[in-house]
Amino acid sequence: MGIAILSLSALLAAIIIGLSTKINLGIICVGFAFAIGYFFAGMDVADIYMLGFPLKLFFLLLGTTLFAGIGKLNGTYSVLAKQLSNISGGDERRTCLILFLSSALLSMMGLGTIAAPVILLPLLLEVAKEEDLPELLVILLSISGCIAGGLSLWAPTGSIGRALALQIGVESYSSIFVASFFTFSLYAFFLFISFGGLKLKRKPPKPAEPMILNSKQFLTI
């Protein structure tokens, strides 16, 4: 069995173990990476974790996760969730559209496909609770939106995409971004239909609440 097939099999096993035991998936994957790298690929321990471990990605995810935790704990996300609910006016389908577009916009403006979901999902799950929306649908729409905007030139993934496009002689990068945005918008619409979006209804709007922030919440925003 080749290393590539073995690695994919280990990833599948890690997902199954993580879902069935609730053990952190990253910890399981680190263990599998050591076992495959050391026993099957003949790598030194230092090479496995110093050369193979994505340190930049790790610190990006760690930083954005801690930041999202701050917004959750000090109540910033709850305040913003109520404001997003006010905008939708009780229309659950409109809320889903707002969640998709806001995810795409923030990803497009520079957060990209990696940082945007980490920061946005805790907020959007607050909106799901506020509006009684299916959480899985909200998660899928948000991630689709982040990917749709992720090839923007302002996003890290877009910078990589443009560099790769230039390497193969594609001068007009804007057409790639437009095609990607359209594709994942269509994909989000398919997910919306498949995961109960058509069953959503318009409810009487809740009384609008003014956005009152304390100093910590204002600083978080």
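# Notebook: rings, pockets and one charged pair

**Entry 1, aromatic rings.** I began at phenylalanine 39, which is exposed, with a relative accessible area of 58%. The cut-off for exposed is over 50%, so phenylalanine 39 falls in that class. The model is a predicted one, and every value in these entries is computed from it. I then looked up tyrosine 38, which counts as partly exposed at 41% relative accessibility.

How many aromatic pairs does the structure hold? I found six aromatic pairs listed for it. Among them is the pair of tyrosine 38 and phenylalanine 39, with ring centres 5.1 Å apart and 90 degrees between the planes. That geometry is edge-to-face. I also noted a cluster in which ring pairs link Phe34, Tyr38 and Phe39.

A further pair that I looked up after tyrosine 38 and phenylalanine 39 is phenylalanine 184 with tyrosine 187. Their rings are also edge-to-face, at 6.2 Å centre to centre and with 90 degrees between the planes. Both residues sit in helix α9, and because they are three residues apart there, about one helical turn separates them. I recorded phenylalanine 184 as partly exposed, with a relative accessible area of 25%. Tyrosine 187 is partly exposed as well, at 41%.

**Entry 2, overall build.** I stepped back to the whole chain. The protein has 10 helices and zero strands. Read from the N terminus, its elements run α-α-α-α-α-α-α-α-α-α. Along the principal axes, the C-alpha atoms fill a box of roughly 65 × 45 × 40 Å. The chain has 221 residues, and 33% of them count as buried.

**Entry 3, largest pocket.** I looked up the pockets next. The largest pocket holds about 580 Å³ of space. Its lining is made of 24 residues, and those nearest the centre are Cys29, Val30, Ala33, Phe53 and Pro54. Two or more lining residues come from each of α1 (3-21), α2 (25-40), α3 (45-50) and α4 (55-73). Which of these helices gives the most to the lining? I found α2 in that place, with eight residues. By class, I noted 20 nonpolar and four polar residues in this lining, and no charged residues.

**Entry 4, second largest pocket.** The second largest pocket contains about 350 Å³ of space. I counted off its lining as 14 residues, with Leu80, Leu106, Ile119, Leu120 and Leu123 closest to the centre. Helices α5 (76-88) and α6 (92-131) each supply at least two of the lining residues. The largest share is from α6, which provides seven. I read the classes as 11 nonpolar, three polar and no charged.

**Entry 5, charged pair.** Side chains of opposite charge can pair when their charged atoms come close. I searched the whole structure for salt bridges and the result was one. It joins the side chains of lysine 72 and glutamate 126, at 2.5 Å from N to O. Lysine 72 belongs to helix α4 and glutamate 126 to helix α6, so the pair ties together parts that are 54 residues apart in sequence.

Are the two partners buried or exposed? I found lysine 72 partly exposed, at 43% relative accessibility. Glutamate 126 is buried, with a relative accessible area of 10%. The cut-off for buried is under 20%, which is why glutamate 126 is classed that way.

**Entry 6, serine 107.** I stayed with helix α6, where serine 107 is found. Serine 107 counts as buried, at 0% relative accessibility. What does its side chain reach? I found the backbone nitrogen of glycine 150, at 3.5 Å.

**Entry 7, proline 204.** My last lookup was a loop residue. Proline 204 lies between α9 (174-194) and α10 (215-220), in the loop that joins them. Proline 204 is exposed, and I noted its relative accessible area as 70%. I also took its separation from isoleucine 27: the two are 177 residues apart in sequence, and 45 Å apart in space from C-alpha to C-alpha.

Key: Residues are numbered from 1 along each chain as its sequence is written. This is a predicted model: local features need pLDDT of at least 70, side-chain atom pairs count only at pLDDT 80 or more; totals for chains, interfaces and linings use all residues. Side-chain values use heavy atoms; hydrogens and water are left out. Helices (H or I, at least four residues) and strands (E, at least two) are DSSP runs, numbered from the N terminus. Buried means under 20% relative accessible area, exposed over 50%, partly exposed in between (1.4 Å probe, protein chains only). On a 1 Å grid over the protein atoms alone, a cavity is a set of points where a 1.4 Å probe fits but cannot get out, and a pocket is an open set with protein on both sides within 12 Å along at least five of seven lines; lining residues have an atom within 4 Å of a point. Grid points are joined across faces, edges and corners, and a volume is the space filled by probe spheres set on the points. Ala, Val, Leu, Ile, Met, Phe, Trp, Tyr, Cys and Pro count as nonpolar, Asp, Glu, Lys and Arg as charged, and the others, Gly among them, as polar. A salt bridge is a side-chain nitrogen of Lys or Arg within 4 Å of a carboxyl oxygen of Asp or Glu. Rings of Phe, Tyr and Trp (its six-membered ring) pair if their centres lie within 6.5 Å; planes under 30 degrees apart count as stacked, over 60 as edge-to-face and the rest as tilted. A polar contact is a pair of N or O atoms within 3.5 Å; within protein, one must be able to donate a hydrogen and the other to accept it, and residues adjacent in sequence count only if both atoms are side-chain atoms.
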